[in-house]
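Ready for a few exercises on how charged side chains and helices meet? Have a go at each task before you read its solution.

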Amino acid sequence: MMATSIPELRWPQITAHLRQALGAADSPLSAYLYDLEALRRHASATAGSLPPGFELFYAIKANSDLPILQTLAPLTHGFEISSGGELAWVREHFADAPLIFSGPGKTDAELAAALDLRVEALHVESQHELERLAWLARTRGVVAPVLLRVNLAVEGLQATTLMMGGKPTPFGIAGNQLPGCLAWLREHPEIRLRGFHFHLMSHQLDAAAHVRLLEAYLQQVRRWRAEYGLQTLDQINVGGGIGVNYREPEQQFDWPAFAGALSGLSAQRDGLTVRFECGRYITAFCGYYAMEVIDVKQAFDRPFVVARGGTHHFRTPYAQGHSHPFRVLPVETWRYPFARPEVSHACVSVVGQLCTPKDLLAHDAPVERVRAGDLLVFPYAGAYAWHISHHDFLRHPHPQHYYLPTEDVHAAG
Ligand SMILES: Cc1ncc(COP(=O)(O)O)c(C=O)c1O
């Protein structure tokens, strides 16, 4: 069911860079390190495996750092944005990148900016949003390109741990309201209906189940086209949602099998382009969060490792409710004239510097040995990590951010 192609973690490069950073640091280190070369390889393999008619956009909410976007811009078809802030950020640095705009609660200012800054398609979430967009388009004398986001009830839908649709949620237009929207659109030429948008879930780890879900989307769109005589469609956006298996990192979403199965769906596209807007699966594997151990202590029968930083930098484990995998990088330097706290052959809890027991990054985690002054390195920290964290709680310093550059692929030639 799950398997097999696991994006590369380049530990030798990561370790060497972190040891260098540690040597240069004048206080305990906490840092994010992003491996742009690994990102380049993974994104180009992912995008390159798609058959004709399928396109990959990157959902920048997962990680919108400029070096990440610069690495991904030439490898993807464009960016998916979900706020006026993301729109301004992307347009400031990528004047011509194709953009699609999703997300609930868009303001008039955001809708207007999307029209003015040449967003390719707005994914509309409700009838009221549609009416406001039409009103703004009319006042500008332009036609707004739109996909209707539909919250679809899919028979036999296999749920994941994070569902955005297929049940009552704030996202999209409920399937039973669609006929009303389509009737309204027939009277409003200032909106051009380009297609439908679905993003029912995140954390999908089952490639076969995801193929079935896409098939259900394609069949549904085919039925709507026939039933409502929709003439202007040119695309279906099937969202993102491909998961990362933090609990069992050796068992990742089988992207090669998934991409292989897409060719079989081609006939059902009916000539429409199918777009993905993936976030987590694209950038999670390139990021590492490193924390220097400040203390090792025992509380009753439990060993705790207290490290520089915490969930205010790296909220992913708490947000997903998992114990995040990590490696211990032994550091031999010890600056004090007294004993070094340590624990060996034990299962530890790793915590940060926040005054709450919720500041927990790993628990029941087996370690051979960990000492104060060692470095803990958490992989799979490139998506929904720094960007979803509550950075200023307790006003601790922010972590360092390092980017290992891409290798010059043209140098040899
Ligand atoms: C509408 C929409 N598209 C795409 C994404 C990206 O999802 P993921 O990072 O799981 O691929 C999200 C994430 O919440 C989303 O809400």
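**Exercise 1.** Find which residue Glu190 forms a salt bridge with, and work out which parts of the chain the pair ties together.

*Solution.* Start with the term: a salt bridge needs a side-chain nitrogen of Lys or Arg within 4 Å of a carboxyl oxygen of Asp or Glu. Glu190 pairs up with Arg138, and their closest N and O atoms are 2.3 Å apart. Next, place both residues: Glu190 sits in the loop between helix H7 (178–186) and strand S9 (191–197), while Arg138 belongs to helix H6 (residues 127–140), so the bridge ties together parts 52 residues apart in sequence. Helices (H or I, at least four residues) and strands (E, at least two) are DSSP runs, numbered from the N terminus.

Before moving on, a word on the model. It's a predicted one, where local features need pLDDT of at least 70 and side-chain atom pairs count only at pLDDT 80 or more, while totals for chains, interfaces and linings use all residues. Residues are numbered from 1 along each chain as its sequence is written, and side-chain values use heavy atoms, leaving out hydrogens and water.

**Exercise 2.** Decide whether Glu190 is buried or exposed, then do the job for Arg138.

*Solution.* Take the cut-offs: buried is under 20% relative accessible area, exposed is over 50%, and partly exposed lies in between (1.4 Å probe, protein chains only). Glu190 has 9%, so it's buried. Arg138 has 47%, so it's partly exposed.

**Exercise 3.** Work out where the partners Arg275 and Glu120 sit along the chain.

*Solution.* Check the bridge: the closest N and O atoms of Arg275 and Glu120 are 2.8 Å apart. Then locate them: Arg275 is in strand S12 (residues 273–278), and Glu120 is in the loop between helix H5 (108–116) and strand S5 (121–124), 155 residues apart. Finally, Arg275 counts as buried at 7% relative accessibility, whereas Glu120, at 25%, is partly exposed. A search of the whole structure turns up 23 salt bridges.

**Exercise 4.** Find which residues of H8 and H9 meet, and sort them by character.

*Solution.* Use contact in the sense of heavy atoms within 4.5 Å. From H8 come Ala207, His210, Val211, Leu214, Glu215 and Leu218; from H9 come Phe258, Ala261, Leu262 and Leu265. Now sort (Ala, Val, Leu, Ile, Met, Phe, Trp, Tyr, Cys and Pro are nonpolar; Asp, Glu, Lys and Arg charged; the others, Gly among them, polar). You get eight nonpolar, one polar and one charged.
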